[in-house]
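Here is a short tour to read alongside the sequence and the model. Keep the 3D view open as you go, and turn it whenever a residue is named.

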Amino acid sequence: MKGVLATEKRGIRELGAEEMVGWDEVTQGVVLHSFDTEVENVAHIRPEERPYSDFNSYTATVASWRVIKPVYNRDVCIDCQNCWVWCPDTSIISRDKQMLGIDYDHCKGCGVCVEVCPTNPKSLLMFAEAEDNEEALAKWPEKKKKEK
Ligand code: SF4
Ligand code: SF4
């Protein structure tokens with residue numbers, strides 16, 4: 001799991017406001033290549049194995065934008081992949097239909113993954129960014145009983 005979460009290219013630089021240019025400041029005709037080399041069938045290559053260039057958003061981290069974060073509880077997860085499908089930032093890491101965790105370099109803390117998680121209790125919950133993940137897991141709620 002560590003090998004998937006921490007990769008050489010992922011989140012190596014902070015994406016700050018000073019790097020952004022307005023729509024009318026972009027030089028016409030400039031091409032920012034997503035990859036350092038020619039890549040074929042990129043959809044069949046795992047993200048951590050793709051030769052992303054420094055211009056690709058994969059190499060920039062936006063972790064400092066977040067004030068709340070999702071914490072993942074493996075013990076409750078049923079690997080339904082709902083969170084993976086719905087995350088607007090492709091920040092859910094899943095391999096062979098097994099949920100592995102959150103890509104905290106790119107997650108913006110929107111909470112969509114928590115909303116769509118169907119388990120009881122949820123397998124993903126939002127916590128303050130500063131909360132330690134182990135401590136968050138220790139506070140996990142119990143299963144809610146159905147009201148009669
Ligand atoms: S909080 Fe939002 S960006 Fe982060 S993993 Fe969940 S759905 Fe994706
Ligand atoms: S939506 Fe919830 S149960 Fe489904 S894979 Fe994601 S964390 Fe697991």
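## Overall architecture

Four helices and six strands make up the secondary structure of the protein chain. This is a predicted model, and its elements follow one another along the sequence as α-β-β-β-α-β-β-α-β-α. The C-alpha trace spans about 65 × 35 × 25 Å along its principal axes.

Of the chain's 148 residues, 17% count as buried. If we look at contacts with a separation of 6 or more, 59% of them link residues 24 or more positions apart.

## The hairpin of strands 4 and 5

A good place to begin is strand 4 (92–95) and its partner, strand 5 (98–102). The two strands run antiparallel and are joined by four bridges. Within this pairing, Ile 92 stands opposite Ile 102, while Ile 93 has Gly 101 as its bridge partner.

Two residues lie between the strands of this hairpin, and Asp 96 in the turn has a positive phi of about 50°. Lys 97 sits in the loop between strand 4 and strand 5, and its phi is also positive, near 60°. Is Lys 97 buried or exposed? Lys 97 is exposed, because 9 other C-beta atoms lie within 10 Å.

## The nonpolar core

Now let us turn to the interior. In soluble globular proteins, nonpolar side chains tend to be buried together. Here the largest nonpolar core has 14 residues, and those touching the most other members are Cys 83, Ile 92, Ile 102, Cys 113 and Leu 124. Strand 3 (68–72), strand 4, strand 5 and strand 6 each give two or more residues to this core.

Which residues does Cys 83 contact, leaving aside its neighbours within four places in sequence? They are Ile 92, Met 99, Cys 113, Val 116, Cys 117 and Leu 124. Cys 83 thus has contacts with Ile 92, Cys 113 and Leu 124, which are listed with Cys 83 among the core residues that touch the most other members.

## Leu 125 in strand 6

Leu 125 belongs to strand 6. With 21 other C-beta atoms within 10 Å, Leu 125 is buried, because 20 or more are enough to count as such. Beyond its neighbours within four places in sequence, Leu 125 is in contact with Val 71 and Val 114. The C-alpha atoms of Leu 125 and Asn 73 are separated by 8.4 Å, although the two residues are 52 residues apart along the chain.

## Surroundings of the two ligands

Cysteines appear in the shells of both ligands. Around ligand 1 there are 13 residues, and Cys 87, Cys 107, Cys 110, Val 112 and Cys 113 come nearest. That shell divides into eight nonpolar, three polar and two charged residues. Cys 113, one of the nearest to ligand 1, is also one of the core residues that touch the most other members.

Ligand 2 is surrounded by 13 residues too, the closest being Cys 77, Cys 80, Cys 83, Cys 117 and Ser 123. Its shell comprises eight nonpolar, four polar and one charged residue. Two of the closest residues, Cys 83 and Cys 117, are in contact with each other.

## Backbone details in the loops

Most residues other than glycine have a negative phi, and most peptide bonds are trans. A few spots in this model depart from that pattern. Thr 90, in the loop between helix 2 (82–86) and strand 4, has a positive phi near 40°. How many C-beta neighbours does Thr 90 have inside 10 Å? There are 13, so Thr 90 counts as partly exposed.

The peptide bond joining Asn 120 and Pro 121 is cis, with omega about 0°. Pro 121 is found in the loop between helix 3 (112–116) and strand 6 (124–128).

## A loop between strands 1 and 2

One last stop is Thr 37, which lies in the loop between strand 1 (13–14) and strand 2 (60–61). Thr 37 is exposed, because just 8 other C-beta atoms lie within 10 Å and 12 or fewer meet the criterion. The C-alpha atoms of Thr 37 and Pro 51 are separated by 6.6 Å, with the two residues 14 residues apart along the chain.

Technical notes
Residues are numbered from 1 along each chain as its sequence is written. Chains are lettered from A and ligands numbered from 1 in the order in which they are written. This is a predicted model: local features need pLDDT of at least 70, side-chain atom pairs count only at pLDDT 80 or more; totals for chains, interfaces and linings use all residues. A residue is near a molecule or strand if its C-beta atom, placed from the backbone, lies within 6 Å of it. Ala, Val, Leu, Ile, Met, Phe, Trp, Tyr, Cys and Pro count as nonpolar, Asp, Glu, Lys and Arg as charged, and the others, Gly among them, as polar. Two residues are in contact if their C-beta atoms, placed from the backbone, lie within 7 Å. A nonpolar core is a set of buried Ala, Val, Leu, Ile, Met, Phe, Trp, Tyr and Cys residues joined through C-beta atoms within 7 Å. Two strands pair if DSSP finds at least two bridges between them.
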